[in-house]
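Work through the exercises below with the sequence and the structure at hand. Try each task before reading its solution.

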Amino acid sequence: MACYALEILGLVLGIIGVFGSFAVTLMPQWKTFIRGIIVSEIHWEGLWMSCISQMGGVRVCLNHKSTLGLETSLQVSRGLMCTACALSVIAFLIAIPGMKCFKCLGNNDQIKNKMLLAAGVIFLLTGIIVLIPISWVANTIIQDFYNPAFLNSQKYELGEALYLGWTTSAFLISGGSILCSFCHCAKNPRRFLSPSSHRMKKPEHVKGKPASVCSYI
């Protein structure tokens with residue numbers, strides 16, 4: 001039962017990571033800038049668009065016209081986040097048939113364990129890929145913020161998408177690690193048996209055999 005609980009927990013964490021990857025990729029709140037002493041406008045810049053939100057609830061968003069016009073960190077982040085989204089979906093599609101409760105592949109535990117191991121490795125890789133652009137953009141924002149050569153009107157702060165990206169990376173890495181450990185658990189089920197079950201279980205060669213004379217010598 002412990003193995004099945006790990007299997008379900010790893011898949012749930014992976015699914016959360018899939019949705020988180022898409023949300024981080026599409027959100028414009030990668031970089032945030034507040035204009036004015038009294039908050040009047042909030043500027044957001046993401047991978048695909050820039051937005052301005054005003055006090056009255058009016059929001060205007062414009063897509064980036066040119067990829068080459070973006071910063072290097074945002075250009076690379078586009079490619080890495082799209083790769084992460086694709087890998088997370090692939091890992092999910094591999095993990096579903098590998099579940100013990102999924103009977104499409106019959107009861108071939110060896111194939112199911114290999115599929116879960118592959119899904120776990122891909123989830124781990126996806127979590128690392130998500131972590132790279134998030135940390136890179138955050139580091140760029142912090143360096144520019146404390147750089148005296150930049151004006152206050154050019155200094156952005158960390159946006160909500162970056163915090164969601166770190167959380168998503170943690171979910172993906174945790175889910176992948178659990179799925180990988182599940183394969184080891186499935187290969188060694190006796191490690192998770194209670195001590196009472198070990199005492200109650202009788203070896204096969206002893207069952208039904210009377211004691212021989214040699215056993216009393």
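The model used here is predicted.

**Exercise 1. Contacts of one residue**

Task: Find which residues Val130 touches, not counting residues up to four places away in sequence.

Solution. Start at Val130 and skip the residues up to four places away in sequence. The contacts that remain are Ser21, Met81, Ala84, Gly165, Ser169 and Leu172.

Next, place Val130 in a wider setting. The largest nonpolar core has 28 residues, and Val130 is among those that touch the most other members. The others in that group are Trp30, Met81, Phe123, Ile134, Val137 and Leu162. Helices H1 (2-26), H2 (72-98), H3 (109-145) and H4 (160-187) are the elements that give two or more residues to this core. H3 gives the most, with ten residues.

**Exercise 2. Pairing of strands**

Task: State how many bridges join S2 to S3 and how the two strands run. Then do the same for S3 and S4.

Solution. Take S2 (residues 41-45) and S3 (residues 49-54) to begin with: five bridges join them, and they run antiparallel. The link from S2 to S3 is a hairpin through three residues. To check the register of this pair, look at Trp44, which stands opposite Cys51 in S3.

Now go on to S4 (residues 59-63). S3 is joined to S4 by five bridges, and this pair also runs antiparallel. Here Met49 stands opposite Asn63 in S4.

**Exercise 3. A salt bridge**

Task: Name the two residues whose side chains meet in a salt bridge, and explain why the pair ties together parts that are apart in sequence.

Solution. The count comes to one salt bridge. Its partners are Lys31 and Glu71, with a distance of 2.8 Å from N to O. Lys31 belongs to strand S1 (residues 31-35), while Glu71 is in the loop between S4 and H2, so the pair ties together parts that are 40 residues apart in sequence.

Then compare each relative accessible area with the cut-off: under 20% means buried. Lys31 has 5% and is therefore buried. Glu71 has 31% and is partly exposed.

**Exercise 4. Buried or exposed?**

Task: Decide whether Thr140 is buried or exposed, and list what Thr140 touches, not counting residues up to four places away in sequence.

Solution. Locate Thr140 in helix H3. Its relative accessibility is 18%, so Thr140 counts as buried. Leaving out residues up to four places away in sequence, Thr140 touches Glu71 and Ser73. Glu71 has appeared before, as the partner of Lys31 in the salt bridge.

Conventions. Residues numbered from 1 in each chain as written. Predicted model: local features only at pLDDT ≥ 70, side-chain atom pairs only at ≥ 80, totals over all residues. Heavy atoms only, no water. Core = buried A, V, L, I, M, F, W, Y, C linked by side-chain atoms within 4.5 Å. Buried < 20%, exposed > 50% of the residue type's maximum accessible area, 1.4 Å probe, protein only. Helix = DSSP H or I, 4+ residues; strand = E, 2+ residues; numbered from the N terminus. Contact = heavy atoms within 4.5 Å. Pairing = 2+ DSSP bridges. Salt bridge = Lys/Arg side-chain N within 4 Å of Asp/Glu carboxyl O.
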